[in-house]
Every structure is written in C-alpha cells, then in structure tokens.
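Let's take a walk through this one together. Keep the fold open on your screen and follow along as we go from strand to strand.

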Amino acid sequence: APTGVTATASTTTSGQASVAWTAPASNGGSAITSYTATATASGQTTRTCTAASSPCTLTGLVDGITYS
C-alpha cells in the first residue's frame with residue numbers, strides 16, 4: 001500500500017484537493033498500473049481520482065465540508 005498519503009485543499013481552485021503519496025517499496029511481483037483516491041462525506045457525492053503516479057486531483061468537492 002502507498003505510504004505518506006496527504007490531501008491538500010487547493011488555494012486557487014474552489015472544490016479541488018490534491019492527493020499525494022509515496023509508492024510502496026515492493027509491488028509484490030505485479031506491476032501497479034494506477035492508484036485511486038476516494039473522498040467521502042455524509043450527504044455528499046463520493047469523489048474519486050485515478051492516476052498512474054502521484055499526485056491526483058479530486059474535483060467536485062464542496063468547500064467547507066470535511067471529507068475522509
């Protein structure tokens with residue numbers, strides 16, 4: 001699993017956050033082709049972003065809402 005995962009709200013674009021991570025030291029013998037980050041909050045639409053490497057940008061978030 002990736003380590004050092006961070007999510008940082010954009011200071012220039014409303015409703016966006018950048019998710020960054022460090023790739024695992026071992027892939028267990030299988031190539032990792034993509035990573036998916038998911039943001040959920042009660043009463044809000046679940047948002048995802050997928051990228052081949054760090055980082056990826058979550059869009060469609062609601063400012064002022066805490067996501068996990």
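What follows goes from the sheet to the core, then to the disulfide and a loop. Keep in mind that this is a predicted model.

Start with the sheet. It's an open one with three strands, in the order S1-S2-S5, and the pairing is antiparallel. S1 and S5 take the edge positions and have a single partner strand each, so each of them has one side without a neighbour in the sheet. On average, neighbouring strands here are turned by 25 degrees against each other, if you ignore direction.

Now zoom in on the S1 end. Strand S1 covers residues 3-9, and five bridges tie it to S2, with the two strands running antiparallel. If you want one pair to look at, try Ala7, whose bridge partner in S2 is Val19. So how many of the seven residues of S1 are buried? The number is zero, so this strand lies largely in the open.

Val19 is a handy stepping stone, since this residue also belongs to the largest nonpolar core. That core has eleven residues: Ala17, Val19, Trp21, Tyr35, Ala37, Ala39, Cys49, Ala51, Cys56, Leu58 and Leu61. Which elements give two or more residues to it? They are strands S2 (17-22), S3 (35-39), S4 (47-51) and S5 (56-58). As a general backdrop, nonpolar side chains in soluble globular proteins tend to be buried together.

For a view from inside the core, pick Ala51. Setting aside its neighbours within four places in sequence, Ala51 is in contact with Trp21, Ser34, Tyr35 and Cys56. Trp21, Tyr35 and Cys56 are themselves on the list of core residues.

Cys56 leads straight to the next stop. A disulfide joins Cys56 to Cys49, with an S to S distance of 2.1 Å. Both cysteines are buried, and both are members of the core. Searching the whole structure turns up one disulfide, so to speak the one you're looking at.

Last, step out to the loop between S2 and S3, where you'll find Ala23. Is Ala23 buried or partly exposed? With a relative accessible area of 44%, Ala23 counts as partly exposed. Compare its position with that of Thr12: the two are eleven residues apart along the chain, and their C-alpha atoms are separated by 27 Å.

Methods:
Residues are numbered from 1 along each chain as its sequence is written. This is a predicted model: local features need pLDDT of at least 70, side-chain atom pairs count only at pLDDT 80 or more; totals for chains, interfaces and linings use all residues. Side-chain values use heavy atoms; hydrogens and water are left out. A nonpolar core is a set of buried Ala, Val, Leu, Ile, Met, Phe, Trp, Tyr and Cys residues joined through side-chain atoms within 4.5 Å. Buried means under 20% relative accessible area, exposed over 50%, partly exposed in between (1.4 Å probe, protein chains only). Helices (H or I, at least four residues) and strands (E, at least two) are DSSP runs, numbered from the N terminus. Contact means heavy atoms within 4.5 Å. Two strands pair if DSSP finds at least two bridges between them. Axes are lines fitted to C-alpha atoms, for helices over the stretch in contact, and angles run from 0 to 180 degrees between N-to-C directions. A disulfide is a pair of cysteine sulfur atoms within 2.5 Å.
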